[in-house]
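Please open the structure in your viewer and keep the selection panel at hand. The stops below are meant to be followed in order.

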Amino acid sequence: MRISIFGTGYVGLVTGACLANLGHEILCVDIDSKKINSLIVGEIPFYEPGLKELVAKNKEKGRLKFSVDVEEGVSFGEVIFNCVGTPSEKNGSADLKYVLGVAESVGKFSKGHKLLINKSTVPPGTAKKCWNKILETNPVSEVEVVSNPEFLKEGSAVYDFTHPDKIVVGAKSGRAYGLLRKVYAGRVRTYIPFLETDWETAEMIKYANNSFLATKICFVNEIANICDGAGADVKLVTQAMGLDYRISPKFLNPGIGYGGSCFPKDVRALINSAEEKGYCAQLLKEVDQLNNRQKEIFVAPILDKLRAVGGNTVTLWGLSFKPRTDDIREATSLRLIKKLIGEGITVKVYDPIAMENVREEFGDSVSYCKGIDDSVEGSDVIVLVTEWDEFRNVNFLELGEKMRNKILFDGRNIYEPELVREEGFEYFGVGRK
Ligand SMILES: NC(=O)c1ccc[n+]([C@@H]2O[C@H](COP(=O)([O-])OP(=O)(O)OC[C@H]3O[C@@H](n4cnc5c(N)ncnc54)[C@H](O)[C@@H]3O)[C@@H](O)[C@H]2O)c1
């Protein structure tokens, strides 16, 4: 099948490469010519494990092409995926200008029957808005709009795309559901539930999914913060909770708040979407606020510790919003850096992949280190912000030799407090004794 993909970001490029790998002919379109030019010469504009190889393989087979030409993109595909960004507006609602921009182009340039498939995360009612936009542009358009939200995770996006736990399709005709089944035929060999819904339900499923996970994280952070005062160890508390099959052990790790390009903006967008319909989403408002608070939970104790030891240098380990990605959108590291710099602290940072993105944001106001050893040289405090594998088995005894003071704030609870203390460090975790 000939398929066009609008937007070559984390979702669009993975979708394009994976569908090409299933044998479809793919044209990926982006208005960012820098991105498209780099893709044409075989460079991937962001880090995602396994993606470079998949893009290269399918380019070579002639099944994956790139263009900045919107009209060509609309004409090429029998189905057109809308994978453009939906960032937050100032008030938290989803900014739909890119999504509606694609719908307008589809209305303008398409001939005959085509599907416009919204894969971007959008509030309930957006498919209808896209449909209206198409009709405004071309009142006799034969384009059908479909909602097909994506559930992949950065860091394992290629695997997730090919092994989804469900495929959700919101449409208005049997023909549209049938075409989507053809698009995904062969995605994996095992059975995947294919859920046929209406537009609004499909759109809502994605928000409900992300908001639930965000709420689960906030809940467990709340329990961890209570453990801190109660003298209980949250690690054992959550291990025990996870044994209850109704709860499951996933997303039960407390830490210094969630970030990324999805959870924060999607929770806020759902709050706003509910508000527009006259409903106050109180629980989700709390989730958003609690997560903001959690991102700063270490700031005061770090400053107290520095004052107590007469130190002034903090090392941050991990900058991306989670391991295995270079994405720093709404990353906790950014908030910490800003706060610490604001207090006049010298900040040293190290991340295996995301350093350049942080440099674009903070320039010379922080010191970028080549590796773990370099990052702790002369430092007073280490803060583990993102749990990349290479931070898991460090030799604290040796690292401590290089430091002025040996203090560790473990923002993801990856270390065993007694072992770190045995190696001479003062240890602070989230809800850990
Ligand atoms: N990143 C994730 O993990 C993830 C997972 C599931 C769903 N989503 C959702 O998918 C959508 C895309 O997310 P992303 O992280 O891939 O975004 P992104 O910012 O990485 O990429 C979006 C791309 O769209 C391009 N674009 C904007 N307007 C365009 C237009 N008119 N024509 C062609 N290209 C255009 C931009 O230049 C950019 O390259 C969002 O709604 C997001 O919430 C993201």
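The tour of this predicted model goes to a sheet and then to the ligand.

**The sheet**

Begin by selecting the open sheet of 6 strands, whose order is β11-β10-β9-β12-β13-β14 with parallel pairing. Colour β11 (367–368) and β14 (426–428), which stand at the edges; each has a single partner strand, so one side of each is left without a neighbour in the sheet.

Next, select residues 313–317, strand β9, together with residues 381–384, strand β12; the two pair in the parallel sense over 4 bridges. Show L316 and its bridge partner in β12, V383.

Then add helix α14 (residues 332–342), which packs on the sheet and touches β9, β12 and β10 (346–350). The direction of α14 makes about 175° with that of β9.

**The ligand**

Move to the ligand and display the 26 residues around it. Which of them come nearest? They are D30, K35, T86, E154 and K265.

Three polar contacts merit a distance label. Select E154, where a polar side-chain atom lies 2.7 Å from a nitrogen atom of the ligand. At K265, an N or O atom in the side chain is 2.7 Å from an oxygen atom of the ligand. At T121, the atom to pick is a backbone N or O, which lies 2.9 Å from a ligand oxygen atom.

Now turn on the surface: the ligand taken alone exposes 830 Å², and the protein buries 89% of that. Highlight α1 (10–21) and α5 (97–109), the elements that give two or more residues to the shell around the ligand. Finally, colour the shell by residue class, which gives 11 nonpolar, 7 polar and 8 charged residues.

How values were computed:
Residues numbered from 1 in each chain as written. Predicted model: local features only at pLDDT ≥ 70, side-chain atom pairs only at ≥ 80, totals over all residues. Heavy atoms only, no water. Pairing = 2+ DSSP bridges. Contact = heavy atoms within 4.5 Å. Axes fitted to C-alpha atoms, helices over the stretch in contact; angles between N-to-C directions. Near = heavy atom within 4 Å. Polar contact = N/O pair within 3.5 Å; in protein donor to acceptor, adjacent residues only side chain to side chain. Areas by Shrake-Rupley, 256 points an atom, 1.4 Å probe, with all protein chains shown as cover. Nonpolar A, V, L, I, M, F, W, Y, C, P; charged D, E, K, R; others polar.
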